[in-house]
Each structure stands twice: as C-alpha cells, then as structure tokens.
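Got your viewer open? Let's take a short walk through this one, a selection at a time.

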Amino acid sequence: MGKPKKLKTPGDPNAKSPAAKAQDDQVMGTNSSSIVSKRSVEKIYHPTEPPFFRYFVSKYQRRAPLINRGYWLRLRVIDVLVRNFLQRPPREGKKRKVVVNLGAGSDVLPWQCLTRYGEYCDGVKFVDVDFPDLMERKRGVVMGEEGLRGYLGVIKIPEGERVVVLREVVKGVEVEREVVKRGSVVLDSDRYAQVGVDLRDLKALEQAMGEVLGGEKWREECEFVFVAEVSITYMEREGADGVIGWASTVGDAEFVLLEQILPDGVGHPFARTMLGHFDKLNTQLKSVEVYPTVGEQHKRFEERGWGQVKVWTLWEAWGDETFLSGEERVGLDEIEEFDEWEEFALFGSHYCVVRARTVGERVPAPVVHSAVEIPAEVVQTQVDETTGTRGQRRFAAAMEISREGKQSEIVNVLGLGTRNRLQSCDVFTQGEASGLTFGEGGPSSRMCHSLVDLGESVLLVGGRGSPSNPLKDCWLYEKRTNTWSRTHDLPVPVYRPAVTTLGTSGMALLVNGRGKSSTFDGCLLFHAEKGWIECDSRGDTFAARYGGVIGVNNSNGITGFSGIYAGGLVDALFTKEVMSWELDISDIKKPAITFTRLQPSADANPDASSWLVARFGATCVQHGNEFVLLGGVTGDHLLGHNDEILAFSVAGTEYKITRRLTSDVSPRALYTGHSAVVTADGRIVITGGGATCFSMGTFWNKGVYSLRLPGTGTAGALPHWTHDKTVDIIPGERSLPIQTRPHNGNSSIGIKTIERVQLKTADDFAKIVRSGRPVVLEGLDLGSCVASWNLKYLAEKVGSERKVVVHEAATQVMDFNAKNFRYVTTGFGDLAQKIEQGGRLYLRALSQEKPTEKPSVLEDDFPSLAGDFVLPEQLALVRENLFSSVLRLSGPVNMWLHYDVMANVYCQIGGSKRLLLFPPSDVEHLSFAPGASSSSIDVFSSLESPELAQTHPHEAVLGPGEVLFLPPLWLHTATPTSDKSIAVNVFFRDLESNSYATGKDVYGNRDLAAYEKGRQDIGRIANSFQKLPAEVREFYLLRLADELRRKARG
C-alpha cells in the first residue's frame, strides 16, 4: 500500500464538536427503539416471511397493539410506494432503478423488496445511507449473517487509505498516530451498497453515489426513489430542505417522506406529548413547526423542484385504497385484536407521507379541512386540577348522584387506569366529604361500557375486558340505597354500544355494539321488568357499527321517541353517515324503530358537516332543540381545538351545524376516553380521559372540566369540583374470564391447568418434589377436618375469646407493599362471625408463644384442632422435614403475589380457592423489587395487559380435601371462589439445611443464604465503580448483569 501519507493538521477541520457528536449519537439511538417495534410487527404480521429484523434485534419484545398497528401502517405506506416504483416500467433511456434509503439505520427495506418483489428487482440497486458509525455496525451484521449476505452477490469492502495524523498532547509534544481513513462507501455489491455519510454533507453523498453507481453518468442512466422514514426530520431544517432540493436535481426521481406534523399546532395534547418525548431524548424534530400541515409539506416539495407532489396523513392513508384494500384492513383484526381506535386516529393524524416526483403532472395541494364558516361561540369553562394520579382513568362512564341534604356528586365508574382495568370508581364532590360506599356486589372491572340514568337508578350496559372479551352482564345502581344489583343480561355481549335513556320512561334504547367477532346489528329496548326486547328495524338500512353517538330529542307521550344516531366504525373505517330514528313502543312486546338517513342542510358545506358530526368515541347530550357533540375522533381528519365541541339540529331529513363551541382554559383537555354527565342545572361535567400517544407517552386529563353552554339560563361562577376519594366496587360475580392465548399470537396469556394426580406411595410424592413442578393431589385422607371444620366449629374448639392477629382489608385486592390493610387483634369468635357476614378479613396464624420468633405449628398453637388434621403417609417427606403448619382463614380477599423459599403443601379444608402460579423464571416480568418477596401487581385484573405478556401462568382451583404442592420460589396469588375459605398450609425443607439463611424465619420465605450474600456482593461491586464516570460505570455494570443473566440460564 506504500508509505502512509501525513496530515500536518492536529486534527480534522471538519470534525464535530463533542456536543454535536453527542446529539448525532442520540439521533442514531432512535434507530434502536424503532427496529424493536418493527421486529414485533415482522413476527406478528408477517410470520411467513424471512425475519430480517431478527438479525438486528437481540431480544424480541412484543409491542402493544397500538404500536404494532402504527408501525405496520408506517411500513406499509413505504412498502407500497416503493413497490409501485419498482413495478412501473422503466423510463426511456434509463438503464437501472435505484432505491436510496436516507437515514436507513437498521432498516431492512432492500431484503424485503428482494423477497416480495424479486421479479421486479432485476438490475435494481438498493443504497442505504446513514451516519458512518451506524453503517459500519450494519455492515458487520450483514457480513456476519448468511440470511442477509446471501442476497447480495459478490460483495466489495473498500480497504481505505493509511494516514498518519499529528496531534498535540500535553506540553506541546506531538505524537504520531496511524489510522485507516476510509471513504464514504462502506460496502458495495451489484444489488446493494452502504454509504456512511452525514446527510448534511451533500458533496460527500453525491461523490459516494457516483462510486456505487459506476461513474459520471449515473444521473442520466438511473431513475431513483429516495426514502426518508422519520430521519431527516432530526436534521436542522436547512439541512433537511437541502437534501430534498438536492434529490430533485438528480434527474428522474421520486421522493417518499414520512415524518411528523402538527395539524392543530403545538398546543394539541398529542403534539405536546410527542414534542416533549423527543425533547427529553434530545432528538428534537427540527422541521415540524415550519411544515406543520400537509399543505405546508406540499408547498415545501414544490418549492424545491418537485413537479408532482401528493401528500396524505397516515390517518388518510389508512382509508385510502392506494395503500390497502378494505379486505386487508378488516383482516388485520384477525392477526391481532385491536380497539385503540381513538389513539390510532390521533397518531395517524400527526404523521404525513409525501410522494413527490420530478416527472408528471402537477397535483393540486391537499384540501385542509376547515369549518371557519360555521359560527363559533365561547363556552364558559372551568378546570379544577387534581394532583398526582387522582382521577386518571379512561374509557370509564360517569353518573351524577345526589343524596338528601347533600350536594350532587359525580362518580366515574370502572374503566382503564394507569396500568390496568380498575375495580373502583372516582368520586368528585363540590367540597363536602363524600360518604359514598357500596355494599357487597357489583360489576366486575371493564372498560368501554355505558351508563344511562333511568331516574331512580342508573343502568350499566356491557363493556369489555380485552377486545375479544365483550361482556353481556348489566347492572342497576340504586341511588337511594347506594347498591348495585344485577339486572337482565344482554342477549349478546357487546362493548361500545350506542345507548340512551328514553325521557322519564325508565327505559333505554341500545343500537349496535361490538361483539366477540363481529358487530351486533340489532336494536334493543330495555324494560326493567321485561328485560331486553328486540326492536323491529325499518326504514333506511345501514351497516352495523359501534362507537357511534346516539341522542334522544323528542317524545310522543310514553309510546314514542325520536333522536339521532351518527358516526361509528364500520369495517375498520369511520362512517360519515348521520341517521335519525323514531321508536314506537305502543306495543311493548313488539317495539319498532324506523331509521332515516339525514343529509347536510342545503346551505351547509356537506364535507365539513359530515366529518364534524359523524364521530367515533364522542359524547352526545341534548341542549334545548340542539344536540351537543363533545370530543371523539373523525375519519380522515383531526378535530381541531375549535371543532371539538359543536351543536347541531335536525329538521325533517336534514341536519345543520348551528355553532361551534370553543374554550381557552389551560391546561387544554383531550376529549378522548373521557366521561361526561349533564347536571341537573344543565352544566356538562367531564372527568377522566386522555390517550396513549403511540410510543411517546400517555397524556392524562388532570382535573375536572365544567362547561356551561350558552343559553342555559344560569350565570355566575361555576362550582368547583374536587377529587374526594376512590371507592372500590366488590364484584358480585366472578372476575372476567381469563382467555387462553389463541394460536394467532395475540396478547392474551395462555394459562396452563396444573396437573392432578393421586399418590399411592411416599416415593410418588418424593418424585414430584424432585421434579420441581406444581401438582394438585387428589384422594388424600387429611383426617376428620374436611368433614367437620366450619367457622362455628373452629370458634367452639379454639375458643371465642382466643386472640389472633388478622389482616383487615379495605378492598378485595390486598397489597403487601402498599399496606392497604391493617393488622387487627380480635377474638377468634369475632373473626369467625365477621367472615360469615362477608368481612374482608384474612388470618395467617402465628406462633402463640413467640409470634415474632418462631414459625406457627398447628399442634402447638391450636392443639384442640391438631387431632382433626392429618398428614397422610404419602406425605411422609413433608412430616419428616416439617418447618411450619399454618392455619389460614379468609373472607373475600385476594392474597398478594409472592413467593415462598420453602416448599409447601396447601391443604384446602373448607370452601374453595383459585390459585395462579408462575415459574421462578417469570420473576423478572412481575415487578419484584430487589430483596422483596412480594409484588404489587394485581394479577387477576392484569393477565391481559402487556406487562404480563411474557409470563407463563399455571392455574389450580382447589375444593375441600384437595392439596396443592407448591415448589419453592414459584410465584403465586390466590382468590376465593367461595364466600369463605379454610386451609392448612404446611411448609417443609427440601434443600440441604446449610442452604437456608441462619437466623429468624417466621414465614418460611426468607431468601436463601446464597442470595443474601450475593446481594451484599452486588453492593460491593457497585461501590467499586463509584469513582468512574457515569457512562463507564453503567457500561460495565450492564455487562456484568448480562454475564449473570447468561450464567443463570446455563
């Protein structure tokens, strides 16, 4: 290679400052998160294709359905536009097509095209362009994986040039250092090349393009498509515009851009969350405020030399046959269940895709929806902010209740909280302390249900657990007694139905709703005595939908009612239909409903009218002769700040928007997932609401919003609302059925039923213990206790005055870490009586002699009961290695998730109990703090949440006389399936005695000695790195953690 050249400068004059280099590194870091999400899409949505993203993602992580579908759509629009370029016949005189991915990162577009559209890729060259460091890392992956390398043919790796650099060090001494200076081309082959350049250096990019495309005539001989998927948006605007302008000069070219926009400005809650996310990462979006709309993006490209420009929002692309057919759109739900429509619409509305061409007829600028011609009025609004996470729930339903001598209260019922579906409600008052409590019994946790006020009671209708788990149970909340009672079930389970009360009749009307696998296409009338009565539908036909709005505006005595039905989802698209309906219940056994399709009034803008009125997930209330719509989302368009609330009226077969209602309060609310009620004096009170803003965080409305509509006849300041408390609802029925994981790979967890066996000998049990797997043991003789033990018998035998320490719980779900219970000393007789009455009490017996020092043993602590309970000969191993035998009594309370270090057998004596167990390897997914043996996760309400998607639950339901063998370290939780439970839990040692920690261990769950020593060693190891820089410390501690993980897994 000859003698190396010498550079006389101390360094590269084009070298970046440390700050600039750091920001470039952070921009490159966005690639890591993006490809993990794309890998999730690849595995779920394209299971039959080669898994190219797998080579760049070390550990698969299943993303939430919203993120999966959002990335699927991002990838789809890029794929379609590149596919169209490849399939288009070559232009005259052009020898080859070139696909240039600008800011490619670890994207696998070349390999996807070569496999999907191979017949159109002859002679095509793919060029990935990104920062040099990132491209060199990508080259290493490509060269190391035959599944990537094998597509590329003969590969050339430029050797580079040896260079001696002189640099100054301390005291002016110069030190020679020899390096290899490489060019911009990192890898090259006939079909694929990698170029490592900073896109701000267009001269270097142009030179590299000449190298990989073979000479000086590459502009004349090639036709190009440039792809920039959320990449140049991180560049300074001048640099990004320079890339767009430069690309238009290479000749016959197309440009596909996908990046963020701000259709309603920086003040929209989604936009604030998105910008805040990128600010936090120090990867600010540099162009978004200059080109915030599709119109500005269109103008941007036209002004930089692109003759034909077409721009969509991603939300528009979702409904455009250019990108996917109706059949494909609907079919996605069969791959992964989905109901995050409001959040998907918000996401899609804040991203745009541009397809620009240097050749072709000019396309008019996109129409930006506007409703400026509709009058706007300011609505008096007040926000009463809450602190912390108070009041944070979405897809709940609210009701107003009032009790004699007290001001009215707003109760927001069930819904989705910060982590999972909630089994509670938030109570908001006007300053007074609420005395609201619920008696036993009530609806189970759910979301997307409806509440309608029937006068003396409030009807709760339907809802869902997961999207494939709609519910049909309905409940009445009796205002006078503050109690819930189950009423007539729906004939089919549905969520997001359109439900309205019918005046003062005490009846309600339900139209459509989403069922398990299809949309319910019927109409039902609720009658308190007769239940749900099917209505005969007449008039104009329409496709069944769900998530639409319904309102009632007129009644003809008690035999007829009328109203409107608008919007909703049909075949994965929001319909723009607005219907009126008339209900005839003169024959209560055969009610009839007639629908009429409405048109915008002749003097209105039909386009603006349809997208403003036909909404999904909105609230509809009656105000005089008008209907008022609040929030929700619409098709093809983002509702702007001045369009979120509007009033419209109906006359004959026409509807007309009469006014838009605006508000300037701060903080601005996001009217999705909210709950709204109309108070007795005509105010609208909104609680809860917000949205998951794709992968960028969750926005929550923090407070109560009160609106006084113009013309309500009241004046003065609006009353203030405060979040008084959260009240639990104790479900009167079993919790939502747990779904097993379908074979299509959705996020529901598969639950394995624990094996049941009958033991013949003690050796049989010893083999089970050695296997380390839980087993339910049947047919064992546990003595007379199974027949004789009930609470009355126990109280008589033990003595009513015998003092015991019990857990007294405020809710069904006990949490050891949060200590949402208190320890109470009470008499055994009092304990038995309260459990019989449904009290939420739990006894885990302690040693009577030394409760803080010795473990409990039944024959020592309850000698009067010891003769009734027998460990059979098959369990000799337990008896010979006994540690403790614990009496357990409980009412309707759940035992928190925890693990025991010692093996044990749980002997169910009276009542029944459902237990969920997780293998020890699941501990990293179940939120156990270091050194803690208990977790705060409420497993029974979280099984379908993403946080448990990687766990492997096992289930057992125990009845009297049945025994569960619990191996050590298996994480477990339990809930009663009867109103009371009696059990004896026997712990025994199954390891060598020196394996256990020395000292006190009252409960049998003190961690092993090796673990306790290991935690001390970790502390010492961490301290040894304290004097190093933070990045260095983190680097090496993470490497050590990875080494430990590898050793743990063999």
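This is a predicted model, and our tour begins inside one strand. Select β3: Lys 125, Val 127 and Val 129 point one way from the strand, while Phe 126, Asp 128 and Asp 130 point the other way, and all are buried. That split follows a general pattern: in a regular strand the side chains alternate between the two faces of the sheet.

Now colour residues 125-130 by accessibility. Because 6 of the 6 residues of β3 are buried, the strand is largely enclosed by the rest of the structure.

Next, add the strands that pair with β3. On one side, select β2, residues 96-102: 5 bridges join β2 to β3, and the two run parallel. Which residue of β3 is the bridge partner of Asn 101? Click on Asp 128 and you have it. To get from β2 to β3, the chain passes through helix α3 (residues 109-116), and this β-α-β crossover is right-handed.

Then select β8, residues 192-196. Here too, 5 bridges make the link to β3, and β3 and β8 run parallel. Asp 128 turns up again, with Gln 194 as its bridge partner in β8.

Time to zoom out to the sheet. Show 9 strands in the order β4-β7-β8-β3-β2-β9-β10-β12-β11: they form an open sheet with mixed pairing. β4 (155-156) and β11 (308-313) stand at the edges with a single partner strand each, so one side of each is left without a neighbour in the sheet.

Go back to β2 for one more pair: Leu 102 has Val 129 as its bridge partner in β3. Bring α3 back into view as well. The helix packs on the sheet, where it touches β2, β3, β8 and β9 (222-229), and its direction makes about 160° with that of β3.

For the last stop, jump along the chain and select helix α17 (residues 791-798) together with helix α18 (residues 828-836). Their axes are 9 Å apart and they pack at an angle of about 175°. That angle is over 145 degrees, so α17 is roughly antiparallel to α18. Show side chains for the contact: α17 brings Leu 791, Leu 794, Ala 795 and Val 798, and α18 brings Phe 828, Gly 829, Ala 832, Ile 835 and Glu 836. Colour the contact residues of these two helices by type and you get 7 nonpolar, 1 polar and 1 charged.

Definitions and conventions. Residues are numbered from 1 along each chain as its sequence is written. This is a predicted model: local features need pLDDT of at least 70, side-chain atom pairs count only at pLDDT 80 or more; totals for chains, interfaces and linings use all residues. Side-chain values use heavy atoms; hydrogens and water are left out. Buried means under 20% relative accessible area, exposed over 50%, partly exposed in between (1.4 Å probe, protein chains only). Helices (H or I, at least four residues) and strands (E, at least two) are DSSP runs, numbered from the N terminus. Two strands pair if DSSP finds at least two bridges between them. A crossover is right-handed if, with the strands pointing away from the viewer, the path from the first strand over the helix to the second runs clockwise. Axes are lines fitted to C-alpha atoms, for helices over the stretch in contact, and angles run from 0 to 180 degrees between N-to-C directions. Angles under 35 degrees count as roughly parallel, over 145 as roughly antiparallel, 65 to 115 as roughly perpendicular and the rest as oblique. Contact means heavy atoms within 4.5 Å. Ala, Val, Leu, Ile, Met, Phe, Trp, Tyr, Cys and Pro count as nonpolar, Asp, Glu, Lys and Arg as charged, and the others, Gly among them, as polar.
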